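This report introduces a structure to a reader who has not met it before. The sequence and the structure are shown first, and the description follows.

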Amino acid sequence: HSFPTRRSSDLKKFRENMKSGDKVITAGGIHGRVREIKKNGTAVLEIAEGVKITIDTTMIYPTMQDAVQTGSDVKKD
């Protein structure tokens with residue numbers, strides 16, 4: 001069984017408290033700034049001036065270290 005870790009709890013809090021203007025990194029390594037949080041579980045990130053992408057919030061991390069360490073914990077099918 002997988003039990004919630006302190007890291008996953010902190011990550012959940014981070015995602016719940018994300019707001020426009022926050023600097024973040026995606027699981028794929030893309031750095032950006034949050035521009036909008038949508039109710040459907042996605043966020044709009046600006047990755048360069050005037051360049052925006054929509055991404056699932058579960059793929060957003062506060063730091064590269066979190067993205068790498070948490071990514072290795074992802075359950076494989």
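In this predicted model, Val 34 stands opposite Leu 45 of strand β3. The strands concerned are β2, residues 31-37, and β3, which pair in the antiparallel sense over four bridges. The hairpin of β2 and β3 has four residues between the strands, and Gly 41 takes a positive phi near 90° there.

On to the other pairing of β3. Strands β3 and β4 run antiparallel and are joined by six bridges. Glu 46 has Lys 52 in β4 as its bridge partner. The hairpin of β3 and β4 has two residues between the strands, and in this hairpin Gly 50 takes a positive phi near 80°.

The pairings described in this report may be set side by side.

| Strands | Bridges | Sense |
|---|---|---|
| β2 and β3 | four bridges | antiparallel |
| β3 and β4 | six bridges | antiparallel |
| β1 and β5 | two bridges | antiparallel |

In the pairing of β1 and β5, Thr 26 stands opposite Ile 60 in β5. Taken together, five strands form an open sheet with antiparallel pairing, in the order β4-β3-β2-β1-β5. Strands β4 and β5 are the edges of this sheet, since each of them pairs on one side only.

The protein as a whole has two helices and five strands. Read from the N terminus, its elements follow the order α-β-β-β-β-β-α. The protein has 77 residues, of which 27% count as buried. Its accessible surface comes to about 5,700 Å², and carbon and sulfur atoms account for 52% of that area. Among contacts between residues at least 6 apart in sequence, 35% join residues at least 24 apart.

The next topic is the interior. In soluble globular proteins, nonpolar side chains tend to be buried together. The largest nonpolar core here has 11 residues in all, including Val 34, Leu 45, Ile 60, Phe 14 and Tyr 61. Two or more residues of this core come from each of α1 (6-16), β1 (23-26), β3 and β5. Strand β3 is itself mostly covered, as five of its seven residues are buried.

Which strand holds Thr 42? Thr 42 is found in β3, which spans residues 42-48. Thr 42 has a relative accessible area of 14%, and it therefore counts as buried, the limit being under 20%. The side chain of Thr 42 makes a polar contact of 2.6 Å with the side chain of Asn 40. Neighbours within four places in sequence aside, Thr 42 is in contact with Ile 37, Thr 54, Ile 55, Asp 56 and Thr 57. Of these partners, Ile 55 is also a member of the largest nonpolar core.

Where does Thr 57 lie? Thr 57 is found in the loop between β4 (51-56) and β5 (60-61). Is Thr 57 buried or exposed? With a relative accessibility of 16%, Thr 57 counts as buried. Leaving out residues up to four places away in sequence, Thr 57 touches Arg 15, Met 18, Gly 41, Thr 42 and Ala 43. Among these partners, Met 18 and Ala 43 belong to the largest nonpolar core, while Gly 41 is the residue with the positive phi in the hairpin of β2 and β3.

Terms used: Residues are numbered from 1 along each chain as its sequence is written. This is a predicted model: local features need pLDDT of at least 70, side-chain atom pairs count only at pLDDT 80 or more; totals for chains, interfaces and linings use all residues. Side-chain values use heavy atoms; hydrogens and water are left out. Buried means under 20% relative accessible area, exposed over 50%, partly exposed in between (1.4 Å probe, protein chains only). A polar contact is a pair of N or O atoms within 3.5 Å; within protein, one must be able to donate a hydrogen and the other to accept it, and residues adjacent in sequence count only if both atoms are side-chain atoms. Contact means heavy atoms within 4.5 Å. A nonpolar core is a set of buried Ala, Val, Leu, Ile, Met, Phe, Trp, Tyr and Cys residues joined through side-chain atoms within 4.5 Å. Two strands pair if DSSP finds at least two bridges between them. Accessible areas come from the Shrake-Rupley method with a 1.4 Å probe; for residues, only the protein chains shown count as cover.
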